[in-house]
Amino acid sequence: MTVTSDTRKPYSGNTRSLVLAFDVGTTFSGVSYAILEPGEIPQIHGVTRFPGQEHVAGSYKIPTLMYYDPEGVMKVAGAEADSTAIMDLAEDEGWIKAELFKLRLRPQTMKLKMNGMRLPPLPKGKSAVHVFGDFLGYLFRCTKNFIVDTHAGGAALWRAVEDDLQVVLSHPNGWEGAQQTKMRRAAVHGGLIPDSDAGKARIRFVTEGEASLHACVLNGLAKEMLTGHSGHGFCVADAGGGTLDISSYAVRGTAPLVMEEIAPPDCVFAGSVFVSRRARAFLEVKLRGSKYGSADSLEHITRRFDETTKRLFRDKKEQQYIQFGSPLDKDMSVGVRQGQLKLSGVEVAELFEPSIEAAIASITHQVEATGGFVKSVWLVGGFAASPWLFAQLQERLGPLGVTVSRPDNQTSKAVADGAIGFYCDHHVSARMSKFMYGVEFLREYNPEDPDHVTRQDRMCELPSGPKLLADAFDCILSRGVRVKESSVFTRKYCTEVTSLSTLSVFEVEVWCYRGGASVPLWINRQAQDFTTLCIVQADLSPLASSAQPKPGRSGKTYWTIVFSVEIHFGLTEFKARIKWVDSMNGNSREGLVSKYMRFYFPFLY
């Protein structure tokens, strides 16, 4: 079964359009796109020509790398920034290298293990959002030039669609609303979209796991499973430069093709860059005291390890070599002969081991979470090309009855292609909640409850008289619940105000609990298990005209305001709104305050 012939529908829009998918990876990045012609089945294309790679035919990826001058101006990016000439120029001019900046966008709850090393500093006056946006802008300009130069009438095509370009941004499974907000602001900074509500609405997000799923469908991997004959679930493992994103699915229908997530997705920092970081630390110890132990030599040897040894390693019983110098380079005391550093296969295998162990643990957890329903793993991403990673996953998952496969074609472009597939085909109809989500409410004080007594300092009294305790947690959605895209979770609440003017700025804080399986009674604001997912803001002043004044216990007038918090958890991007019922003249009507409401995420920098 092929998607384009069997499952993808013709584009239903009335006018020509263009959708761009940007895969900004930790170490390498790429772009795919589709020209949407009314009535025609969209075809996916990849940008295969970038500055500095004109001599490489069909190259889909460029290094996620930039250089800035001392004043914070971006000078060169991508493949051009990876050339020897630019490295020399950068050293002469005092330019600052910007790399691994994607990792700076991670949630605060996801900790990095860098083997004692730190992320490179950001350029002067730049935040991670600015740097990310600069690179998005570079990719955007390259994409425009490629389309204009490659397609017949490319310039006219671009002019016709540039004011309504659709953009899909992929991100690791572990990224959340705050990270999506950062990426949307980066897209504005990079010039992909205007800084307006209409412009921001042109951005869509998809997890790298779900994008990889669509890429697997595109290339026909595991056809038997996709035709519904396998009777079991499957796991998509996107092994990239920074993260390993694991997602599990099951086929729920074949005409049209419909799949559902069957376990909460996982995201671990176990990508290929961490193998390189471990290699750098290992080489520093091994070459200490030799002429090859300087910082510059270590960087060069580690780079050569990345380019050759790491990519080719497949057998820990064989000796391994890092070719880094000339035949005159020799120091037998540290294993250097004829410009090669000799390593044992066991030493190289140990550099991979933490990443492999993390992958095995994550996939095993997915298998267990589905009760053994997952029987297959599809391995994609740049790191998937490693023969050693692939062989070890096959060997260690085999005893669990799990098979591991990988597509024959370019696994490194799976996310960009899959993001276009997500936009066009949208095969996933339900997703699993990763954590618990809820809001704070006021719990009635019970003087007979010792737990309540210890919280007396958080007690408040409403104008109508009841004594209530703050920080109570109302769970709206539990962990591990399958949520369809159409599902809406609603809770009705009431509050009492002594001034109607406060309705113009009304806020509801939505909390995320990452702890155990039991629903907590209270929100612990100091615990790492509790974080603010977002804050929903609304203007409820239209309710002032219908609110009825009431005398309070202390004689002060108050008004009771009833509203509902409505949250969509089943989408790839979190959405929320506040709903209210306005009863006027005996007629009850519902007013959606979406046009007044906005929600924002804390910790944006």
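Lys434 is a buried residue without a salt bridge. The nearest side chain of opposite charge belongs to Glu176, at 4.8 Å, in what is a predicted model. Because a salt bridge requires a side-chain nitrogen of Lys or Arg within 4 Å of a carboxyl oxygen of Asp or Glu, the 4.8 Å between Lys434 and Glu176 does not qualify. In the chain, Lys434 sits in the loop that joins strand S18 (428–432) to strand S19 (436–444). Apart from neighbours within four places in sequence, Lys434 is in contact with Asn173, Gly174, Trp175, Pro264, Pro265 and Arg479.

Strand S18, on one side of that loop, also belongs to a sheet. This sheet is open, has seven strands with mixed pairing, and follows the order S17-S16-S10-S11-S12-S18-S22. Strand S17 (403–405) and strand S22 (482–484) are at the edges and have a single partner strand each, so one side of each has no neighbour in the sheet. On average, neighbouring strands here are turned by 25° against each other, direction ignored.

At one end of the order, S18 and S22 are antiparallel and share three bridges. Within this part of the sheet, Ala430 is opposite Lys484 in S22. Helix H11 (residues 345–369) packs on the sheet and touches strand S10 (233–239), strand S11 (244–254), strand S12 (257–268) and strand S16 (374–380). The direction of H11 makes about 135° with that of S12. Helix H12 (residues 387–397) lies across S10, S16 and S17, and runs at about 160° to S17.

A further set of paired strands involves strand S27 (residues 557–568). Is S27 mostly covered or mostly uncovered? Strand S27 is mostly covered, with nine of its twelve residues buried. Its pairings with S23 and S26 are both antiparallel. Strand S23 covers residues 489–497, and strand S26 covers residues 549–551. S26 and S27 form a hairpin with five residues between them. In the turn of this hairpin, Gly555 has a positive phi of about 90°.

The antiparallel pairs described above are listed here.

| Strand pair | Bridges | Residues opposite each other |
|---|---|---|
| S18 and S22 | three bridges | Ala430 and Lys484 |
| S23 and S27 | nine bridges | Cys494 and Val562 |
| S26 and S27 | three bridges | Pro551 and Thr557 |

Conventions
Residues numbered from 1 in each chain as written. Predicted model: local features only at pLDDT ≥ 70, side-chain atom pairs only at ≥ 80, totals over all residues. Heavy atoms only, no water. Helix = DSSP H or I, 4+ residues; strand = E, 2+ residues; numbered from the N terminus. Buried < 20%, exposed > 50% of the residue type's maximum accessible area, 1.4 Å probe, protein only. Lys, Arg positive; Asp, Glu negative; His and termini not counted. Contact = heavy atoms within 4.5 Å. Pairing = 2+ DSSP bridges. Axes fitted to C-alpha atoms, helices over the stretch in contact; angles between N-to-C directions.
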